[in-house]
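Thanks for coming. I will take one chain today and go through its helix packing, then a few single residues. Please have the sequence and the model open.

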Amino acid sequence: MSTQKASSGQTRVWQRMLSGRRLDLIDPSPLDIEIADIAHGLARVARWNGQTRGAHIFSVAQHTLLVEAVMRARNPNIDDRLRLAALLHDAPEYVIGDMISPFKAVLGVDYKTVEKRLLGAIHIRFGLSAELAPEIERQIKAADRGAAYLEATELAGFSESEAKRLFGRDPELPEATRVDYLTPWNAAKAEKRFLARFNAVLGQ
């Protein structure tokens, strides 16, 4: 997404979505957030800057489903709201893209501020607190690291020892789940499965 100078001299800080919504990045409104836009965008954003094996990118949409699967494997009885929070943990990337952690560190606090505002608006839109409780954040982060370990070793060319040092241990998913979620899907499939899981978690 690029900014442009409007005729009035103002810098555009919003993005138009396919739904017709215009989302302001500086002051995002929950009313301008649609799950269809999130699913469409995340299915087309590549994890690992696209440096993964397979015929298709490994999308952020597929990654979020993997994170939620890791959480369910660790605790099958987790609350649906926690599952929802896991599915949405990278949702701001439908607007700002998936920057690798080293680049986020370079950009510093400005990037984190925009990301946090977007995630807060997304949470409110779907009935969660703008800021999650620390224990929930901890559980999501642990599952995120487990998913990153699997992606790193099976898709991104990391050795097991390097991935263990960076991301922790293998979450040891069932083999069928592992094969399914670590075989990169095309964008249409990733979008469809993200929406299906989102609706299932909400009981729709």
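I start with the chain as a whole, then move to three helix pairs, and finish with individual positions.

This is a predicted model, so local features need pLDDT of at least 70 and side-chain atom pairs count only at pLDDT 80 or more, while totals for chains, interfaces and linings use all residues. Residues are numbered from 1 along each chain as its sequence is written, and side-chain values use heavy atoms, with hydrogens and water left out.

The overall picture first. The chain has 10 helices and two strands; helices here are DSSP runs of H or I with at least four residues, strands are runs of E with at least two, and both are numbered from the N terminus. The order from the N terminus is β-β-α-α-α-α-α-α-α-α-α-α. Of the 204 residues in the chain, 44% are buried, where buried means under 20% relative accessible area, exposed means over 50%, and partly exposed is in between, with a 1.4 Å probe and protein chains only. About 10,700 Å² of the chain is exposed, and carbon and sulfur atoms supply 51% of that area; the areas come from the Shrake-Rupley method with a 1.4 Å probe, and for residues only the protein chains shown count as cover. As for contacts, meaning heavy atoms within 4.5 Å, take those between residues at least 6 apart in sequence: 61% of them join residues at least 24 apart.

Now the helix pairs. Axes are lines fitted to C-alpha atoms, for helices over the stretch in contact, and angles run from 0 to 180 degrees between N-to-C directions. Angles under 35 degrees count as roughly parallel, over 145 as roughly antiparallel, 65 to 115 as roughly perpendicular, and the rest as oblique. For handedness, a crossing is left-handed if the near helix is turned anticlockwise from the far one by less than a right angle, and right-handed if clockwise. For residue classes, Ala, Val, Leu, Ile, Met, Phe, Trp, Tyr, Cys and Pro count as nonpolar, Asp, Glu, Lys and Arg as charged, and the others, Gly among them, as polar.

How do α3 and α10 cross, at what angle and within what distance? Their axes come within 9 Å and cross at roughly 155 degrees, so α3 and α10 are roughly antiparallel to each other. The crossing of this pair, α3 and α10, is left-handed. On the α3 side the residues are D80, R83, L84 and L87, and they meet F194, R197, F198 and V201 in α10. By class, that contact of α3 with α10 has five nonpolar, three charged and no polar residues.

Helix α3, residues 80–87, also packs on helix α7, residues 134–154, at an angle of about 55 degrees and with the axes 10 Å apart. That makes α3 and α7 oblique to each other, and α3 passes α7 in a right-handed crossing. L82, A85 and A86 of α3 make this contact with I136, Q139 and I140 of α7. The contact of α3 with α7 has five nonpolar residues, one polar and no charged.

The third pair is α2, residues 60–74, with α10: the angle is about 40 degrees and the axes are 9 Å apart. Here too the term is oblique, for α2 and α10, and the crossing of α2 and α10 is left-handed. From α2 come A61, T64, L65, E68 and R72; from α10 come A190, R193, F194, R197 and V201. The contact of α2 with α10 divides into five nonpolar, one polar and four charged residues.

On to single positions. A36 lies in helix α1 and is partly exposed, at 41% relative accessibility. Leaving aside neighbours within four places in sequence, A36 is in contact with E191 and L195. The C-alpha atoms of A36 and F194 are separated by 9.7 Å, with these positions 158 residues apart along the chain.

Is W48 buried or exposed? At 15% relative accessibility, W48 counts as buried. W48 sits in the loop between α1 (35–42) and α2, and has a positive phi of about 60 degrees although it is not a glycine. N49 is found in the loop between α1 and α2, with a positive phi near 55 degrees, again in a residue other than glycine. N49 is partly exposed at 47% relative accessibility.

Last, G203, in the segment after α10 (187–201). G203 is exposed, with 66% relative accessibility. Its C-alpha atom is separated by 9.2 Å from that of D80, and G203 and D80 are 123 residues apart along the chain.
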